[in-house]
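Biologist: Please take a close look at one part of this model, the shell around the ligand. Then set that part in the context of the rest of the chain.

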Amino acid sequence: MGILDVAVLGGGISGLTAGFLLHQKGYRVAVLERSERPGGCITTWARDGFLFELGPNTVLNNAFEIDGLCEAAGILGQRLTAAPAAKRRFIVKGGKLVALPGGPLGFLGTSLFSWRAKLRLLGEPFIRPAPPDDEESIARFVRRRLGREMLDYAVGPFVSGVYAGDPERLSIRHATGKIYALERDYGSLIKGAVRKRKGPAPAGGLFSFPRGLAFLPESLAQGLGEGFLTNTAVAAVEKKGDAFLVTAAGRNGSGRTVEARAVVCALPAKAAALALNPLDREFPRLVLDLPYADVALVCMGFRREDVDHPLDGFGFLAPEVEHRFVLGCLFSSSLFPGRAPEGHVALSAFVGGAVHPERASEEEGPLLEKVLADLGPLLGLRGRPVVTRVEAWRPAIPQYNLGHGALKESAARCEQAVPGLYLSGNLLHGVSVGNCIQNATAIAERVQSYLTS
Ligand SMILES: Cc1cc2nc3c(=O)[nH]c(=O)nc-3n(C[C@H](O)[C@H](O)[C@H](O)COP(=O)(O)OP(=O)(O)OC[C@H]3O[C@@H](n4cnc5c(N)ncnc54)[C@H](O)[C@@H]3O)c2cc1C
């Protein structure tokens, strides 16, 4: 195939975004993907009229780059926005589902927090910021600024919803940078939320596609045409003069080499460490130690009459202090139309995470029974599911724990030491699909200026 402009390692949403955008600009690009399908974590499964996401369920449209990518791929008009009911989220408290309050009045009236916790929140603007060099965990930061109950019944469950992480270990600065910045820039979260100038923002909201989220990576891969190489497992990247030589293995053990002027690495941590080992000493060593949370997703289809709860919301999150088996459960068929056949509903429960990783490794049968036993009283389950599917992600989501800054600094040094190498993916600057698209778009721009310099 001759020398390429760019070799992109990994065909998840990060690699596909960078590869697709560069291909659109006319560069010769190959995206090398180990498996036989595009999308990495993004994968949709259809069975008997049900449509389940086996990885991410929704994308939050919070950056213009997301609209930009969908428009470039010609699929902007095909997006489905989540039903208004998705704004309602439940938290487990005392064995029941309690809706999270929507505004200040709802906050005053909710039974989710005690009066002490509500009054404690009013004092937040008067609490002094932490010294700048003091890297805090999310748990310590929230206890200090908002109090223990806010950690237990609000922030903790949301951290679990995004990272499946442990707030005692996740870094407030690196895992939830926007919240950290409110204290740094305004001295208080409440003052910051009120004063922060809101720049132009995209329409917002959660979205998917009628055929599920996999439609996004499939459309990008289709746009790449022959530039999307499946069954191609990258083994190593070496420097060859000014260019790079990427060595990969095919499914039947056949070898393949690709030569390119620039390389974008969008691999998970372990594969990135192996591939980049010949190029740099420090980053591969540090990235190998990046912790991940393991998660199992348990998808279940029920007859409508077998679930008492109205399922009038996004789903629920289970605070750690409530000692449930599941981390939370999405009311998938309440989010988008076409997720369950007439007279049925679809639910997706999450299990495991950084605090209980062993649960994500349980055998499918016992795992399903434990999930059903946990959900039964919360949702009023009366019968067995008519469809089930368990998808275990081991590893699932990288954890930006205390000290994550060292990995980011090392990545910056690595890119500087190896001109033409760019580090993308969800390892450094955000794990949501939106973050990955935003970061990969910025990387595509940097690669373009490198290639034209
Ligand atoms: C269960 C789960 C639920 C989630 N829910 C949400 C959600 O609701 N909303 C949201 O915004 N985010 C969610 N996320 C996070 C988000 O989906 C991921 O962070 C994001 O999709 C990661 O994309 P990526 O391209 O960086 O990495 P990946 O998707 O991991 O892609 C990496 C790719 O590299 C390939 N690869 C691995 N080794 C090699 C090799 N040696 N050579 C070539 N290719 C290789 C893999 O096969 C894969 O395709 C969820 C994640 C998980 C696991």
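Modeller: I start with the ligand shell and then turn to the domains, a helix pair and a small sheet. Keep in mind that this is a predicted model.

The ligand is surrounded by 37 residues. Closest to the ligand are Gly10, Gly12, Gly40, Pro56 and Ser432. Several elements give two or more residues to this shell. Two are helices: α1 (13-24) and α16 (433-452). Three are strands: β11 (233-240), β14 (292-303) and β18 (387-398). By residue class, the shell holds 21 nonpolar residues, 14 polar ones and two charged ones.

Now the domains. Domain 1 is made of three segments, 4-39 + 212-290 + 401-452. Domain 2 covers 113-195, and domain 3 covers 292-398. The ligand shell takes at least three residues from domain 1 and at least three from domain 3.

Domain 3 also meets domain 2. Here 12 residues of domain 2 are in contact with 16 residues of domain 3. On the domain 2 side, five of the touching residues are nonpolar, four are polar and three are charged. The C-alpha centres of domain 2 and domain 3 are 28 Å apart.

Next, the helix pair. Two packed helices are described by the angle between their axes and the distance between the axes. Helix α5 (residues 138-145) packs on helix α6 (residues 148-163) at an angle of about 140°. The axes of α5 and α6 lie 9 Å apart. Their crossing is right-handed. From α5, the contact uses Ile138, Ala139, Val142 and Arg143. From α6, the partners are Arg148, Met150, Leu151, Val155 and Val159. The residues of this contact comprise seven nonpolar, no polar and two charged.

Last, the sheet. Three strands make an open sheet, ordered β5-β9-β6, with antiparallel pairing. Why does one side of β5 and of β6 lack a neighbour in the sheet? Strands β5 (59-60) and β6 (80-81) stand at the edges, and each has a single partner strand, so one side of each stays without a neighbour there. Strand β9 (residues 206-208) runs antiparallel to β5, and two bridges join them. Leucine 60 has leucine 206 in β9 as its bridge partner.

Back to the part you asked about. The ligand shell draws on both domain 1 and domain 3, and domain 3 in turn is in contact with domain 2.

Definitions and conventions
Residues are numbered from 1 along each chain as its sequence is written. This is a predicted model: local features need pLDDT of at least 70, side-chain atom pairs count only at pLDDT 80 or more; totals for chains, interfaces and linings use all residues. A residue is near a molecule or strand if its C-beta atom, placed from the backbone, lies within 6 Å of it. Helices (H or I, at least four residues) and strands (E, at least two) are DSSP runs, numbered from the N terminus. Ala, Val, Leu, Ile, Met, Phe, Trp, Tyr, Cys and Pro count as nonpolar, Asp, Glu, Lys and Arg as charged, and the others, Gly among them, as polar. Domain bounds come from an automatic or database domain assignment. Axes are lines fitted to C-alpha atoms, for helices over the stretch in contact, and angles run from 0 to 180 degrees between N-to-C directions. A crossing is left-handed if the near helix is turned anticlockwise from the far one by less than a right angle, and right-handed if clockwise. Two residues are in contact if their C-beta atoms, placed from the backbone, lie within 7 Å. Two strands pair if DSSP finds at least two bridges between them.
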